[in-house]
Amino acid sequence: MSENTRIVKNATCTFCGCLCDDMELTVDIDENRITKAKNACTLGRAWYAEHVIEDQPAAMIDGKEVSVEAAIEEAAQVLTRAKFPIIYGLSDTTSEAQQEAVAIADYMHGTIDTTTSVCHGPTGMAFQGVGESTMTLGEVKNRADLVIFWGGNPAVSHPRLFTRYAVTTTGMFTPGGKKDRTIVLVDIRKTASEPVANINIRVKPGKDFEMLWALRALVKGKKIDPSIEKVTGVSLEVLQDLVERMKNCRYGVIFFGMGLTMARGRHFNSGALQSLATDLNEFTHFVVKPARGHGNVTGGDNVVSWSTGYPFGVNFNLGYPRFNPGEYTTVDTLSNGDADAAMFIACDPASNFPKAAIEHMKRIPVITLDPKHTMTSSLAHVAFTTSTYGINTGGTVYRMDDVPISLRKAYDSPFPSDEKILTAIKNRVIELTHAKRGASDTREKRKVA
Amino acid sequence: MTETMILIPGRTNEQGTALNKGKFKQEYQTETAMLDINTDEMKRLGLEEGDQVRLSNEVGETVVTCRGKKPEDLPNGVLFIPYGPPTTHLMSGETYGSGMPVSKHMEVTIEKIAVK
């Protein structure tokens, strides 16, 4: 470590959806790295410590170094030639870059999807059916006296959710911090989050929906048979006690994780939870919030929603947006062999998608944008190394409660940002599609220029 | 001895910090190939800490290393694995019209293949 350092105050950690914006970073200017991240959790410290300037080319085609311009040209050609190109990822990049990605999908008449589809996509589907009671984390910090975590493990996924917003922190109407709150944890197993909870409830695997529906019935004053314990693993007394606490709290919140969305039942589980919150608003103020994982996955939902009207899995084949999870979502377009080209931005589906989807990635031209070498970039026909958002690049990101936050970069990177590469690809795609489709797109080109 | 159990992938602290170092690094690959199973189940299946087991289903198979958990911490019949590449071999591409593959709650057969 050199002596030549500077401090960046109020930087934002973009590792998880908490987007903690109180980081104090010590930057080694000579070595171009962050040597200390004051206020960061274990995940944040690892994020800052390990994101250095990688020793790899800015652009490669089939594993060989090329100029960024040549890679942009090839990427645009691949996307324009394809009949069913897909764009996926976007949860670890800025909303400015996300906007460019949506524009590319629109102009090339392709499909755009974000990592939401394999995260809280089912929750997005449930929102459309039953609505969402919104809140900000600031409200939770200042008002919540009953905090329930369901099917998630924030101690290891969002460590500072406890200390900044929901458990130990003090607020306007919660001056005693944890003493003023009751914390409930619902999970199928013991997790690292258990020690913070006043009440731990172990539900049987795959029986969340049944437990939620029983809670709804009790909230509505219906009788439930004690045999519910055989179904859910949770006794009627425990359910009744929880219902009384929920009805009588001043401000209740349920944070929920992928224990609900990734398991059997998916959007039915999320919808049941949303409906329970709606029911409870007959008695008190009650909200639910999916604890979103990647730094700007919430930004992806916002940008894709305001641009197309739908949150993820959007197809432009007919020239206008259509939403159909199960058809235009990336696991499906790959596993079914529909996609004939793919651009993956700030994501690594080759490390977490189903086998059939990964096999199809090997059969089609893949374009990747990522600060690091990943399993997906190893399959790429065109691979860009980009700068890291929040460390080398500014921009806008959305916290899990849909609050936008401006990023403050710590030091420069020799690599271009996702936004810069995507803007260049978009401009070339417009030229190529214009040439392909003829004069009918002149208006589009003029509008963008 | 083989048996069908439920596999739940999820986040661990080690997995979360190791992925920042790089998915090609040993630390990440070791952590994502660990399988949590309760010690009662291990005894019943003739498994010891560090044994390698094959997990398989109709989609594929993967080999992981057993890590014992207290029976009160992890229910019988449930296995836990940190998120990572091994589970991709067991995950079906069928999303039942949701876009989301069954990524938790996968039914798998567990079978001992080697002793440490």
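Here's a quick tour of two helix pairs in chain A and of the side of chain B that touches chain A. Keep in mind that this is a predicted model. One pair, H3(A) with H13(A), crosses at roughly 40°, while the other, H8(A) with H12(A), packs at about 15°. Between the chains, 36 residues of chain B are in contact with 46 residues of chain A.

**H3 against H13 in chain A**

- Helix H3 (residues 95–107) and helix H13 (residues 297–308) of chain A have axes that come within 9 Å and cross at roughly 40°.
- That angle makes H3(A) oblique to H13(A), because it falls outside the ranges for roughly parallel (under 35 degrees) and roughly perpendicular (65 to 115).
- The crossing itself is right-handed.
- On the H3(A) side, the contact uses A:Ser95, A:Gln98, A:Gln99 and A:Val102.
- H13(A) answers with A:Gly299, A:Gly300, A:Asn302, A:Val303, A:Val304, A:Ser307 and A:Thr308.
- Sorted by class, this contact has eight polar and three nonpolar residues, with no charged ones.

**A closer look at H13(A)**

- H13(A) runs for twelve residues and spans 16 Å from first C-alpha to last, close to the 16 Å expected at 1.5 Å a residue.
- Its buried residues are A:Val297, A:Thr298, A:Gly299, A:Gly300, A:Asp301, A:Val303, A:Val304 and A:Thr308.
- The cover over those buried residues includes H3, strand S7 (111–114), helix H4 (121–130), strand S13 (314–315) and strand S18 (395–398), which belong to chain A.
- Right after H13(A) comes A:Gly309, with a positive phi near 95°.

**H8 against H12 in chain A**

- Helix H8 (residues 208–219) and helix H12 (residues 266–280) of chain A pack with their axes 9 Å apart, at an angle of about 15°.
- H8(A) and H12(A) are therefore roughly parallel to each other.
- H8(A) passes H12(A) in a left-handed crossing.
- H8(A) brings A:Asp208, A:Phe209, A:Leu212, A:Trp213, A:Leu215, A:Arg216 and A:Val219 to the contact.
- Facing them from H12(A) are A:Phe268, A:Asn269, A:Ala272, A:Leu273, A:Ser275, A:Leu276, A:Asp279 and A:Leu280.
- The class split for this contact is ten nonpolar, two polar and three charged.

**Where chain B touches chain A**

- The contact involves 36 residues of chain B and 46 residues of chain A.
- Strand S1 (2–10), helix H1 (13–21) and strand S5 (78–82) of chain B each put at least two residues into the side that touches chain A.
- H1(B) gives the most to that side, with five residues.
- By class, the chain B side comes out at 19 polar, twelve nonpolar and five charged residues.

How values were computed:
Residues numbered from 1 in each chain as written. Chains lettered and ligands numbered in written order. Predicted model: local features only at pLDDT ≥ 70, side-chain atom pairs only at ≥ 80, totals over all residues. Axes fitted to C-alpha atoms, helices over the stretch in contact; angles between N-to-C directions. Helix = DSSP H or I, 4+ residues; strand = E, 2+ residues; numbered from the N terminus. Parallel < 35°, antiparallel > 145°, perpendicular 65-115°, else oblique. Left-handed = near helix turned anticlockwise from the far one by under 90°. Contact = placed C-beta atoms within 7 Å. Nonpolar A, V, L, I, M, F, W, Y, C, P; charged D, E, K, R; others polar. Expected span 1.5 Å × (residues − 1). Buried ≥ 20, exposed ≤ 12 C-beta atoms within 10 Å, placed from the backbone.
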